Amino acid sequence: MHRCVRVLMALSEEGPMYQSIVKKLTESLKPVRLEIQDNSARHAGHVEHLGSAAGKGETHFSVFIVSAEFAGKTALQRHRLVNTILADELAGGVHALEVKTKTPEEVQGK
C-alpha cells in the first residue's frame, strides 16, 4: 500500500509541540494518512493559551489519523492509544486534543 503522511503545514513552520506530535504518531502508528491542525489561535484569550510557551499557543490540536494499528480496536481503545503515545504532550501543555481515527479499510468504505 502506498504510504502517505500529510500534515497541513510544513514542519519547519510549526512549533516544537506540533513537531513532537507528528513525530510520535508517525513513529508509533505508521499512518497511511495523518492530518494535524493547530487550533490554538481560536482559543487565544483562554488562560491555557496565555500560559503556554511565551503565549505562542500549541495548546489545542485536531488529529485525523488512518492506521492499520487501529484494526480490531474500539473507538475508546484507539483514543486511549493516541493519548498514551502523546502522554508527555498532554501533560506538558496540550490542553485539548480532538482525535479522529480510522483504519485504511474504514476509509475505503469496506
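Which residues of the largest nonpolar core touch the most other members? Keep that in mind as you open this predicted model and follow the stops below.

**Stop 1: the whole chain**

Start with a cartoon view of everything. You should find 5 helices and 3 strands. Walking from the N terminus, the elements come in the order α-β-α-β-α-α-β-α. Switch to a surface for a moment: the chain exposes about 6,500 Å², and carbon and sulfur atoms supply 54% of that area. Of the 110 residues in the chain, 35% are buried. If you like contact maps, look away from the diagonal: among contacts between residues at least 6 apart in sequence, 67% join residues at least 24 apart.

**Stop 2: the core**

Now select I21, L25 and I36 and show their side chains. These are the residues that touch the most other members of the largest nonpolar core, which has 17 residues. To see where the core comes from, colour α1 (16–29), β1 (33–38), β2 (60–66) and α3 (75–85), since each of these elements supplies at least two of its residues. The most generous contributor is α1, which gives 6 residues.

**Stop 3: two helices packed together**

Keep α1 and α3 on screen and hide the rest. Two packed helices are described by the angle between their axes and the distance between the axes. Here the angle is about 125° and the axes lie 10 Å apart. The two helices are therefore oblique to each other, as the angle is neither over 145 degrees nor within 65 to 115. Turn the view to look through one helix at the other, and you will see α1 pass α3 in a right-handed crossing. Which residues make the contact? On the α1 side, select K24, L25, S28 and L29; on the α3 side, select L81, V82 and I85. L25 is worth a second look, as it was also among the three highlighted core residues.

**Stop 4: just past the end of α1**

Next, pick K30, in the loop between α1 and β1. Its phi is near 45°, a positive value in a residue other than glycine. Is K30 buried or exposed? With a relative accessible area of 52%, K30 is exposed, because the cut-off for that class is over 50%.

**Stop 5: V66 and V107**

Move to V66, in strand β2. At 3% relative accessibility, V66 counts as buried. Show everything around it: leaving out residues up to four places away in sequence, V66 touches P31, V32, R33, K102, T103, P104 and V107. A distance label is useful here too, as the C-alpha atoms of V66 and L29 are 8.8 Å apart, although 37 residues separate them along the chain.

From that list, click on V107, which sits in helix α5 (residues 104–107). V107 is partly exposed, with a relative accessible area of 43%. Beyond residues up to four places away in sequence, V107 touches V66 and K102. Its C-alpha atom is 7.8 Å from that of V66, across 41 residues of chain.

**Stop 6: T101 in β3**

Select T101, in strand β3 (residues 96–102). T101 counts as buried, at 12% relative accessibility. Which residues does T101 touch, not counting those up to four places away in sequence? Highlight I65, F70, R78, H79, V82 and E106. You have already met V82, on the α3 side of the helix contact.

**Stop 7: two buried residues to finish**

Go to E89, in helix α4 (residues 87–91). This glutamate is buried, with a relative accessible area of 4%. Setting aside neighbours within four places in sequence, E89 is in contact with M17, S20, I21, K24 and V94. I21 returns here from the core, and K24 from the contact between α1 and α3.

Lastly, select T59, in the loop between α2 (47–50) and β2. At 0% relative accessibility, T59 counts as buried. Draw a line from its C-alpha atom to that of M17: the separation is 8.5 Å, for residues 42 apart along the chain. M17 is also one of the contacts of E89, so leave both E89 and T59 displayed while you look around M17.

Terms used
Residues are numbered from 1 along each chain as its sequence is written. This is a predicted model: local features need pLDDT of at least 70, side-chain atom pairs count only at pLDDT 80 or more; totals for chains, interfaces and linings use all residues. Side-chain values use heavy atoms; hydrogens and water are left out. A nonpolar core is a set of buried Ala, Val, Leu, Ile, Met, Phe, Trp, Tyr and Cys residues joined through side-chain atoms within 4.5 Å. Buried means under 20% relative accessible area, exposed over 50%, partly exposed in between (1.4 Å probe, protein chains only). Helices (H or I, at least four residues) and strands (E, at least two) are DSSP runs, numbered from the N terminus. Contact means heavy atoms within 4.5 Å. Accessible areas come from the Shrake-Rupley method with a 1.4 Å probe; for residues, only the protein chains shown count as cover. Axes are lines fitted to C-alpha atoms, for helices over the stretch in contact, and angles run from 0 to 180 degrees between N-to-C directions. Angles under 35 degrees count as roughly parallel, over 145 as roughly antiparallel, 65 to 115 as roughly perpendicular and the rest as oblique. A crossing is left-handed if the near helix is turned anticlockwise from the far one by less than a right angle, and right-handed if clockwise.
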